[in-house]
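Reader: I've got the coordinates open and want a quick tour before I set anything up. Can you walk me through it?
Author: Sure, let's take a look together.

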Amino acid sequence: PAVVMSRVGAAWIAVTETPTLTRFDPDTLETTGPLPIEDDVGIQLMAAHGFTDDAGNYWNVGTRLGPKCDVKLFRLRPGSMRRDVIASLRMRKAGYTHGFAMTARHAIVWETAMRAQALSFRFSAKSYIRNFRWEPASGSRLHAISLADGSVRSWDAPPMMCFHAIQAWEEGEALVAELCTYDDASILEDLRLAPLRQGQAQRCVPKLTRYWLEPGRGEARIEPFGEAFEFPQVHPARWGHARAGMAWGAMLDARDPSGFFDRTVRLDLRTGECRQWRREQAIQLEPLFVPRPGSSAEDDGVLLVPTLADGDAASVIGVIDAASMDCLAQLHAPQVIPFGFHAAWAP
């Protein structure tokens, strides 16, 4: 497990897209083995981005592969080794699932058009992502699962690929999900080492898409509101509770997608205003938002941004004021830190 670090209660776990939750010591980073799950939920795939609520419960979405696939929303309570299945969605082929979103009363699960090939997982020796196939004719869907009773409502959407949600919230009777989407799955090829080393342009850049899931409609209403923005962060107190007005993320130049993410941006989700910080000639990936202790202001905190330029002997971490996007300090690491997908803050 090497994608996301999360918690069940006070216990830290490392997670990827398998159902294994690996415990680790946050002080030494030593792993202490997988959580000894004792139930028979029976999932083979799981979203990397689980969600830990205020009570310490860990929520996630897992997939059971078969002639028909079952996608299950579950909760793992602190101290328990048995997952509570809240709802199960049956579909012919499950979509590739890297994450999901939550509001105060619902989980929002999206089906990408990158579909799992169950027999390939079972009988081939292909690498993980080669067991999925881009199938745009199947379209995409978004599902809203009630946390109270497990009931499900679903909406159709055009085919898309998606890794990350900015947020989701409830707007009257409607639900709204803000996602970083791609028109196809070419991003999975473009991020392989060979095309990156050759400086090939990305064929598809992320688009910011707001999906309105309204009662009485069978299709999601789609509102585009930006592009070239990925690895989103909002104030952690807003996620799953209330609509955030600001997001931070990594951005590339949509006019020249041959480069990689080279700037950190603050995006006003209501007005579209964008502020940025750039360390010249450096790659910079996900900004980790760290709120100021005791403050309730949405942008009162700092961003920790690992960067790396060709001439660097070691990684440089920018400490960026989340409101002004001014660089307050630069931390020089003792080594090159390999770029991971995501970071976590342990107070």
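**Charges, strands and cysteines**

Author: Let's start with one contact: the side chains of Arg 90 and Asp 70 form a salt bridge, 2.8 Å from N to O. The two residues tie together distant parts of the chain, with Arg 90 in strand E9 and Asp 70 in strand E8, 20 residues apart. Keep in mind that this is a predicted model.

Reader: Is Asp 70 buried or exposed?
Author: The cut-off for buried is under 20% relative accessible area. Asp 70 has 7%. Its partner Arg 90, at 58%, is exposed. For Asp 70, then, the word is buried.

Reader: Which residues are linked with Asp 70 in a network of salt bridges?
Author: Asp 70 has a bridge partner in the strand pairing too, and that is Arg 64. Arg 90 we have just met, as the salt-bridge partner at 2.8 Å. The network of salt bridges links Asp 70 with Arg 64 and Arg 90.

Reader: How many residues of strand E8 are buried?
Author: Cys 69, Val 71, Leu 73 and Arg 75 point one way from E8, while Asp 70, Lys 72, Phe 74 and Leu 76 point the other way, and all are buried. The strand covers residues 69-76 and is largely enclosed by the rest of the structure, because the buried count is 8 of the 8.

Reader: How many bridges join E8 to strand E9?
Author: On one side, E8 runs antiparallel to strand E7 (residues 58-64), with 7 bridges and a hairpin connection of 4 residues. E8 and E9 also form a hairpin, with 6 residues between them, and Gly 79 in that turn has a positive phi of about 85 degrees. Leu 76 has Arg 83 of E9 as its bridge partner. The antiparallel pairing of E8 with E9 (residues 83-91) has 8 bridges.

Reader: Cys 69 sits in that strand, so how many disulfides does the count come to?
Author: A disulfide needs two cysteine sulfur atoms within 2.5 Å. The sulfur of Cys 69 is too far for a bond, because the closest cysteine sulfur, in Cys 162, is 19 Å away. Cys 180 is also too far for a bond, with its sulfur 6.7 Å from the closest one, again in Cys 162. The count comes to 0.

Reader: What is the relative accessibility of Cys 180?
Author: Cys 69 makes a handy reference, being buried with a relative accessible area of 1%. Cys 180 counts as buried as well, and its relative accessibility is 0%.

Reader: Which strands stand at the edges of the open sheet of 4 strands?
Author: The order in that sheet is E10-E11-E14-E15, with antiparallel pairing. Strands at the edges have a single partner strand each, so one side of each is left without a neighbour in the sheet. Further in, 6 bridges join strand E14 (residues 140-146) to E15, and Ser 140 has Ala 157 as its bridge partner. The edge strands are E10 (101-102) and E15 (152-157).

Reader: Back to charges: what does Lys 207 meet in a salt bridge?
Author: Lys 207 is in strand E18 (residues 207-213), and its partner lies 24 residues away, in the loop between strand E17 (174-182) and H2. Lys 207 is partly exposed at 33%, and the partner is partly exposed at 42%. The N to O distance is 2.7 Å, and the partner is Asp 183.

Reader: And how many salt bridges does the structure hold?
Author: Another one joins Arg 217 and Glu 214, at 3.4 Å from N to O. There, Arg 217 is partly exposed at 41%, while Glu 214 is buried at 16%. For the structure, the number is 25.

Reader: Which residues make the nonpolar surface patch of about 260 Å²?
Author: One of them sits in the loop between helix H2 (187-190) and helix H3 (193-197). That residue is partly exposed at 38% relative accessibility. The patch is made by Leu 191, Leu 193 and Leu 196.

Reader: Zooming out, what is the radius of gyration of the protein?
Author: The protein has 3 helices and 28 strands. It is as compact as a globular protein of 347 residues, because the globule rule gives 20 Å and the model's value is close to that. Its C-alpha atoms fill a box of roughly 50 × 50 × 45 Å along the principal axes, and buried residues make up 52%. The radius of gyration is 20 Å.

Note on methods
Residues are numbered from 1 along each chain as its sequence is written. This is a predicted model: local features need pLDDT of at least 70, side-chain atom pairs count only at pLDDT 80 or more; totals for chains, interfaces and linings use all residues. Side-chain values use heavy atoms; hydrogens and water are left out. Buried means under 20% relative accessible area, exposed over 50%, partly exposed in between (1.4 Å probe, protein chains only). Two strands pair if DSSP finds at least two bridges between them. Patches are made of residues with over 30% relative accessible area and no salt bridge: like charges are joined within 9 Å, nonpolar side chains (Val, Leu, Ile, Met, Phe, Trp, Tyr) within 5 Å. Accessible areas come from the Shrake-Rupley method with a 1.4 Å probe; for residues, only the protein chains shown count as cover. A salt bridge is a side-chain nitrogen of Lys or Arg within 4 Å of a carboxyl oxygen of Asp or Glu. The radius of gyration is taken over C-alpha atoms; the globule rule is 2.2 Å times the number of residues to the power 0.38.
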